[in-house]
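Visitor: I'd like to go through this model with you, mostly its rings and one of its pockets. Could we start with the charges that sit over rings?

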Amino acid sequence: MLKRLFQFALGALLVLLAALLANTASQRSRQLQVAPPAAVAIDLAGASARLAGALKFTTIASETAPSLNAGQFAQLRAYLQAAYPRLHAQLQREVVGNGALLYRWEGSEAQALPLLWMAHQDVVPVAAGTEQNWSAPPFNGVIKDGYIWGRGAWDDKGNLCAQLEALEMLVASGFRPRRTLYLAFGDDEEVGGTRGAAAIAALLRQRGVRLDYVLDEGLLVTDGMLKGLDRPAALIGVAEKGYLTLKLEVAATPGHSSMPQPRSAIGQMSAALARLEKHPMPADLHGVARTMLETVAPDMHGLNRLVLTNLWLFKPLVERELAAGPATNAMLRTTTALTMVHAGERDNVLPGLAEATINLRLLPGDTQESAIAHVRQALDNDAIKITPGPSNVEASAISPTAGAPYLALNRTIREVFSDAIVAPGLMIGASDSRHFAALSDHVLRFTPVRATPADLERFHGTNERLSLKNYGEMIRFYRQLLLNTAG
């Protein structure tokens, strides 16, 4: 009897293994096959010098002081006009609000839906005391060792200037787009975009503009970040997570520390936060994250290819593995971060109030309402008051990957970054594109910057830089994208 059971189990295992291997072998690459575009000459030395010049302006925005560095923003606007004269002679240009820029290049077909490319002029500040750690001063716009160094080289003046370089070349060649092209360059993206991008979006809505697609900064051409993939992965953000900040408050009887109450405000809040951290929102490999893995799986090798092409069996294993890392965990669930706690003023006084702030990043499919309900249940203390913050926003809609805009962007990436695997991805941060969600069904987030795991530390960090070779690719990318979508 035991022998027959063993034989049956072994036979079933062999059948399962055969099915797994057969299914894995049958999976073919989902990558578009494209012909290389015609070679185009780029004045890379001149283009790099112009970007380096733009990095010299300390365009740091403030959430509470709109006029902070207004002179620097004005100088940057004047610099761009001088650096790209043909473009500024051809395109209409408006200053919106304090200093956001809106360009319009009239297309030859008035009935065709226009396009919108985005970037932002503002940069994050350099952490005080870290200036000496930079290989080149962060606001000197230095070119050395094959890189353009400075705050904003990557985020986001590299994108902004690459777009202008591409258009300057096309204007000089006599090209005219079939579709109208808008450029929207906000001046406060790093502090929410409410004065810049939001004002531009409101202006376009007022004018009745409907867009074929919106392209903003987003996911990158990453190398060495996906196990089992020997080629770079160019991820297109087809959605971004929502933003939900909650203020928590619990009151208790204040008094002298020599006669403590059995239930203090600090004790209640601490216990509730520990429960919240212990009970995160559920993880599930579905939606954009699953589509991304299924898209890249056929181009992987070894065990990773076997596992990811057979998620029908290995999904729980993959979920557990992804949930173990902070970055990959954020792809699977609405995350909860405990960011601020305050209680008490003196060491011998029991505080009458304890406060905490938590920040959740909402996965598409979750809502502010469902997330607040989860938080309330996890805190397990009805005495804690929950107050939503003023800048909360729901997760974005998911842009279709079968639509013409995604396919054109996919094709352009494959033409310019021919070594890369292209797949849809989820933005776990926020971008200015969220302000334009009502204007298009196709909101895409992609930055044509190559990055390795070591480079990620430079994002909003020390030694931000962009390689000269990559900057040339960025210019070619935007030029080719306009030819593919408005040529």
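**Charges, rings and a pocket**

Guide: In this predicted model, the charged end of Lys-144 is placed over the ring of Trp-149, at 5.9 Å from its centre.

Visitor: And which ring does Arg-465 lie over?

Guide: Arg-465 lies over the face of Tyr-147, and the distance to the ring centre is 3.7 Å.

Visitor: Switching to ring–ring contacts, how many aromatic pairs are there?

Guide: The count comes to 8 aromatic pairs. One of them joins Phe-477 and Tyr-478, whose ring centres are 5.0 Å apart and whose planes meet at 75°, and because planes over 60 degrees apart count that way, the pair is edge-to-face.

Visitor: Are those two buried or exposed?

Guide: Phe-477 has 0% relative accessibility and so counts as buried, and Tyr-478, at 2%, counts as buried too. Phe-477 and Tyr-478 also belong to one aromatic cluster with Trp-117 and Phe-446.

Visitor: Now the second largest pocket: what volume does it have?

Guide: The second largest pocket has a volume of about 260 Å³. Its lining is made of 17 residues, of which Arg-450, Ala-451, Thr-452, Asp-455 and Asn-470 are the closest to the centre.

Visitor: Which strands supply at least two residues of that lining?

Guide: Strands β7 (213–222), β16 (443–451) and β17 (465–467) each supply at least two residues of the lining.

Visitor: And what is the lining like by class?

Guide: By class, the lining of the second largest pocket holds 7 nonpolar, 6 charged and 4 polar residues.

Conventions
Residues numbered from 1 in each chain as written. Predicted model: local features only at pLDDT ≥ 70, side-chain atom pairs only at ≥ 80, totals over all residues. Heavy atoms only, no water. 1 Å grid on protein atoms, 1.4 Å probe; cavity = no way out; pocket = protein on both sides within 12 Å on 5 of 7 lines; lining within 4 Å. Points joined across faces, edges and corners; volume = space filled by probe spheres on them. Helix = DSSP H or I, 4+ residues; strand = E, 2+ residues; numbered from the N terminus. Nonpolar A, V, L, I, M, F, W, Y, C, P; charged D, E, K, R; others polar. Phe/Tyr/Trp six-rings, centres within 6.5 Å; stacked < 30°, edge-to-face > 60°. Buried < 20%, exposed > 50% of the residue type's maximum accessible area, 1.4 Å probe, protein only. Lys NZ or Arg CZ within 6 Å of the ring centre and 35° of its normal.
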